[in-house]
Amino acid sequence: MDTYTFLIQLLNGIQYGLLLFLVASGLTLIFGIMGVINLSHGSFYMVGAYLAWSLSQHLGSFWIALPTGIVLSVALGMLLEWLFIKHLYRRDHLQQVLLTYGLILIFSELRSILWGDDVHSVAVPALLAGSIPLTEMLSYPVYRLWLSLVCVILAGLMYYLIQHTKLGMMIRAGASNREMTQSLGINIDVLYRSVFALGVALAAFAGMIAAPVSSVFPGMGNQVLIVCFVVVVIGGIGSVKGAMAAALLIGLVDTFGKVVEVEIGGLRILPELAGMSIYVFMAIVLLWRPEGLLVRRQH
Amino acid sequence: MSDGTLIEARGIHAYYGASHVLHGIDFVVRRGETIGLMGRNGMGKTTLLKSILGLLPPRAGSVRVRGIDLTRAAPFRVARAGIAYVPEGRGIFPNLSVKENLVMAARPGHDGRTEWTLDRAFDTFPRLRERINHGGQQLSGGEQQMLTIARVLLTNPDLLILDEATEGLAPLVAQEIWRILHQIRETGISSIIVDKNFSAVSAISDRNIILVKGQVVFEGDSDTLRAQPETLRAHLGV
Ligand SMILES: Nc1ncnc2c1ncn2[C@@H]1O[C@H](COP(=O)(O)OP(=O)(O)OP(=O)(O)O)[C@@H](O)[C@H]1O
Ligand SMILES: [Mg+2]
């Protein structure tokens, strides 16, 4: 692998990792703060991608589809929290898994009814359609760079929100002691609904901006959900910083796992088998740090 | 200081599941008044506080704050009406720093008052200023208690409810807390104090209430209570 191919794969890996982070951060926040295991989180990613496809067509522009999709996904998140998720806060994990699995089926069926079962593609918006040449043969698409930049900005904003604003302090306080937080005059129902809607919007937004670089297909939600659970487990459940570190690592392991041919004891491991690489990586991390990368050991 | 009624609870019956804990309690707090709420373990003191605070909605009876019915209101509404709660076991947020514990709660009071600011809280509890960036879990028991009290003061409350605020503290630290409670009393904030230390409570309270098995068996000022040694012995073990 020459330097430029390496550079391209590195950028691809980082970009994939950042995208995973947008989805996984919502998953880990919702688990860490409300204690809810949300299997339907991947569905929001899928819904986002389909929204980007369908809204771009109806509204004529990706740039109008994007904010419209964000508004719709925040509303969807609020509605779902109010209808279903709020009833799960004091229930055990089995009930959470059952209900949110049911939501996966509902979203999948709704998608089929609304948008059909075909695979679609979303055109890269004209503004970002160019490529940056690296050598005479190789170049890197501007859209992918923009995508990474947007993810980094969002991650920074989220970090600031949680660590440095009063709202973030309330959210963290609510995660640690719900009753006490309420007794200090904070409406925790509204707070939780907002956090859930934020998680939904992040996942859907990730789906929207991913649509132009990957195809839009029915199973995309479940695919990303599984990888995001790997990210959350590696990063430490509930840790947003951990999710960032883990998402980048997984992005890189997955990307390089697919292009590097490894030879162990004369046995060639084909790139096709590399789909396993992230699970092997997870197993290694968990043997080394069972609580995840960035979770401080309690007690 | 007006003598208007701040809290008026009537005929409170509270349950934990099937077990009937409070049996028709009437309870009034007036503006500026300090109430000592006493009774042996398990008599229902904490339960009464939780019924008032909306944390354990009473099955029968009513709770009014300044005449407004808040009987089964959400706890945050009761808090927003100016009722501040320092629970048993303190309830600081260990994952937040000292400063964050204070900032997250700070807001103007019910009538828009902003007497209590971060600076004033630090003046009242200088030890907290030294620990400003420490995590909540790094504090000693006494510091944690100061933090919980400072935190509710920053909500600029009309009523401070303290459940066993000095429990488990070293005598000197407990003394410091009592000194601060006297200081807070002087500012005109009402309070309900639950504490095992009869002499400290009776020294600060305007009125005392003793609960036995979820019922009020005594109500009166400290002098009246001190003049009834048999009541003290029977219900408080003093
Ligand atoms: N969560 C609960 N579930 C069931 N019963 C409870 C619960 N909390 C308290 N009780 C019972 O209710 C009664 C009153 O308890 P409460 O905590 O109000 O007493 P207390 O006067 O505050 O006592 P202490 O001095 O020990 O704090 C006790 O008999 C107690 O066992
Ligand atoms: Mg108690």
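# Briefing: surface patch, magnesium site and aromatic contacts

A:I284 is located in helix 11 of chain A. The model is predicted. With a relative accessibility of 53%, above the 50% cut-off, A:I284 counts as exposed. The points below treat the nonpolar patch, the magnesium site, the aromatic pairs and the charges placed over rings.

**Nonpolar surface patch**

- A:I284 joins A:I226, A:M276, A:Y279 and A:V280 in a nonpolar surface patch of about 470 Å².
- The element giving the most to this patch is helix 11 of chain A (residues 277-288), which supplies 3 residues.

**Magnesium site in chain B**

- The magnesium ion (ligand 2) has as its protein donors B:T46, through OG1, and B:E88, through OE, at 1.9 to 2.7 Å from the ion.
- These two donors come from distant parts of the chain, 42 residues apart: B:T46 belongs to helix 1 of chain B (residues 45-53), and B:E88 to the loop between strand 6 (83-86) and helix 3 (98-103) of chain B.
- B:T46 has a relative accessibility of 18% and therefore counts as buried, the cut-off being under 20%.
- B:E88 has a relative accessible area of 41%, so this residue is partly exposed.

**Aromatic pairs**

- Over all chains, the whole structure holds 10 aromatic pairs.
- In one of them, the ring centres of A:F44 and A:F107 lie 5.7 Å apart; the planes meet at 85 degrees, over the 60 required, so the pair is edge-to-face.
- This pair links distant parts of chain A, with A:F44 in helix 2 (residues 41-59) and A:F107 in helix 4 (residues 93-115), 63 residues apart.
- Both A:F44 and A:F107 are buried.
- A:Y143 and A:W146 have ring centres 5.3 Å apart and planes at 40 degrees, and the pair is therefore tilted.
- About one helical turn separates A:Y143 from A:W146, because they are 3 residues apart in helix 5 of chain A (residues 142-164).
- A:Y143 counts as buried because its relative accessibility is 1%.
- A:W146, at 19% relative accessibility, also counts as buried, since the cut-off is under 20%.
- A:Y143 and A:W146 belong to a cluster, linked by ring pairs, that also contains A:F62 and A:W63.

**Charges over rings**

- In chain A, A:R289 lies over the face of A:W288, 6.0 Å from the ring centre.
- In chain B, the ring of B:Y15 has the charged end of B:R59 over it, at 4.1 Å from the ring centre.

Technical notes. Residues are numbered from 1 along each chain as its sequence is written. Chains are lettered from A and ligands numbered from 1 in the order in which they are written. This is a predicted model: local features need pLDDT of at least 70, side-chain atom pairs count only at pLDDT 80 or more; totals for chains, interfaces and linings use all residues. Side-chain values use heavy atoms; hydrogens and water are left out. Patches are made of residues with over 30% relative accessible area and no salt bridge: like charges are joined within 9 Å, nonpolar side chains (Val, Leu, Ile, Met, Phe, Trp, Tyr) within 5 Å. Accessible areas come from the Shrake-Rupley method with a 1.4 Å probe; for residues, only the protein chains shown count as cover. A salt bridge is a side-chain nitrogen of Lys or Arg within 4 Å of a carboxyl oxygen of Asp or Glu. Helices (H or I, at least four residues) and strands (E, at least two) are DSSP runs, numbered from the N terminus. Buried means under 20% relative accessible area, exposed over 50%, partly exposed in between (1.4 Å probe, protein chains only). Donors are N, O and S atoms within 2.8 Å of the metal (3.2 Å for Na, K and Ca); water is not among the atoms, so sites may look incomplete. Rings of Phe, Tyr and Trp (its six-membered ring) pair if their centres lie within 6.5 Å; planes under 30 degrees apart count as stacked, over 60 as edge-to-face and the rest as tilted. A charge sits over a ring if NZ of Lys or CZ of Arg is within 6 Å of the ring centre and within 35 degrees of the ring normal.
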